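The following paragraphs lead through a single protein model, beginning with one local interaction and then widening to the sheets and the chain as a whole.

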Amino acid sequence: MRIAIAGAGNVGRSIAQELIGNGHEVMLIERHPRQLCPERVPEARWVLADACEVSSLEEADLAGCDVVVAATGDDKANLVVSLLAKTEFAVPRVVSRVNRAENEWLFTEQWGVDVAVSKPRLMAALVEEAVTVGDLVRLMTFRQGEANLVEITLPKNAPYEGQPVRSVPMPRDAALVAILRGKRVLVPTPDDPLEAGDELIFVCTAEVEDQVRAVVLGPV
């Protein structure tokens, strides 16, 4: 894919290196000359420009990108970049960094954001995931709340402990997508038994999260 990243600070450069390592073509857009360090990510195309200006984005051919990542340290700038990418250049996928948790509510499809990544929320979710057994933990939100990635660590004596996946009556709009068992990642099949301590990863809508919790853990 062709991916543009607005903001070439530590976060933007790290994202660029990861994506380039996965075989993607990356363009880094940075407005501060002191942040323009092509030697740090030599495989990327570097552009000195203000990503909040339409003319700059036109010169960078943003319309030819498959994904835009707004990765600056300024939430206002990330919102403007996201809105321009979606409305002016019809970029199919826009991912935006949220720096301050109190601004998270702004990062919606109305501002052109398909996926908002909040570092405070993500860190809190990872802490919960590490220590919580027997409850549902939301790890990530996709498409502005239309679907969530959630995790449940199966406790002992859960209703379906020891039973195959096929016996779990999953609600509509929910899917078990992975089982983490020790150091293994299992793609669940109908015959796989569930074991206490399994980390069950689901994709589901927010509306059925409580149903997923009740099925897997039993009624409160």
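Arg 213 has a relative accessibility of 22% and therefore counts as partly exposed, a class that lies between buried (under 20% relative accessible area) and exposed (over 50%), evaluated with a 1.4 Å probe on protein chains only. Its partner Asp 210 is exposed, with a relative accessible area of 54%. The two side chains meet in a salt bridge with an N to O distance of 2.6 Å; the term denotes a side-chain nitrogen of Lys or Arg within 4 Å of a carboxyl oxygen of Asp or Glu. Both residues belong to helix α5 (residues 209-217), where they are three residues apart, about one turn of the helix. Elsewhere, salt bridges with shared partners join Arg 2, Glu 25 and Asp 61 into one network.

The model is predicted: local features require pLDDT of at least 70 and side-chain atom pairs count only at pLDDT 80 or more, whereas totals for chains, interfaces and linings use all residues. Residues are numbered from 1 along each chain as its sequence is written, and side-chain values use heavy atoms, with hydrogens and water left out.

A search of the whole structure finds 11 salt bridges. Among them is the pair of Asp 191 and Arg 166, whose closest N and O atoms are 2.6 Å apart. This pair links distant parts of the chain, 25 residues apart: Asp 191 is in the loop between β10 (184-186) and β11 (199-204), and Arg 166 is in the loop between β8 (147-153) and β9 (174-181). Both residues are exposed. Another salt bridge connects Lys 76 with Asp 74, with 3.7 Å between the closest N and O atoms. Lys 76 is exposed at a relative accessible area of 61%, while Asp 74 is partly exposed at 31%.

The protein chain has five helices and 11 strands; these are DSSP runs numbered from the N terminus, with helices being H or I of at least four residues and strands being E of at least two. How are the strands of the six-stranded open sheet ordered? The order is β3-β2-β1-β4-β5-β6, and the pairing is parallel, where two strands pair if DSSP finds at least two bridges between them. At the edges stand β3 (45-48) and β6 (115-118), each with a single partner strand, so one side of each lacks a neighbour in the sheet. Neighbouring strands are turned against each other by 20° on average, direction ignored. Strand β5 (residues 93-98) runs parallel to β6 and is joined to it by four bridges; Arg 97 has Val 117 as its bridge partner in β6.

Helix α3 lies across β1 (2-6), β4 and β5, running at about 175° to β5. Such angles run from 0 to 180 degrees between N-to-C directions, the axes being lines fitted to C-alpha atoms, for helices over the stretch in contact. Thr 72 lies in the loop between β4 (67-70) and α3 (75-87) and is buried, at 18% relative accessibility. Beyond its neighbours within four places in sequence, Thr 72 is in contact (heavy atoms within 4.5 Å) with Ala 6, Gly 7, Ala 77, Asn 78, Arg 97 and Asn 99.

A second open sheet contains five strands in the order β7-β8-β11-β9-β10, with antiparallel pairing. Here β7 and β10 are the edge strands; each has a single partner, so one side of each is left without a neighbour in the sheet. The twist averages 20° from one strand to the next. Six bridges pair β8 with β11 in the antiparallel sense, and Asn 148 stands opposite Cys 204 in β11. Helix α5 packs on the sheet, touching β7, β8, β9 and β11, and its direction makes about 20° with that of β8.

Val 133 is in the loop between α4 (119-131) and β7 (136-142). It is exposed, with a relative accessible area of 54%. Not counting residues up to four places away in sequence, Val 133 touches Thr 153 and Pro 155. Its C-alpha atom is 6.6 Å from that of Leu 154, although the two residues are 21 residues apart in sequence.

For the chain as a whole, 43% of the 220 residues count as buried. The C-alpha trace spans about 60 × 35 × 25 Å along its principal axes. Among contacts with a separation of 6 or more, 54% are between residues 24 or more positions apart.
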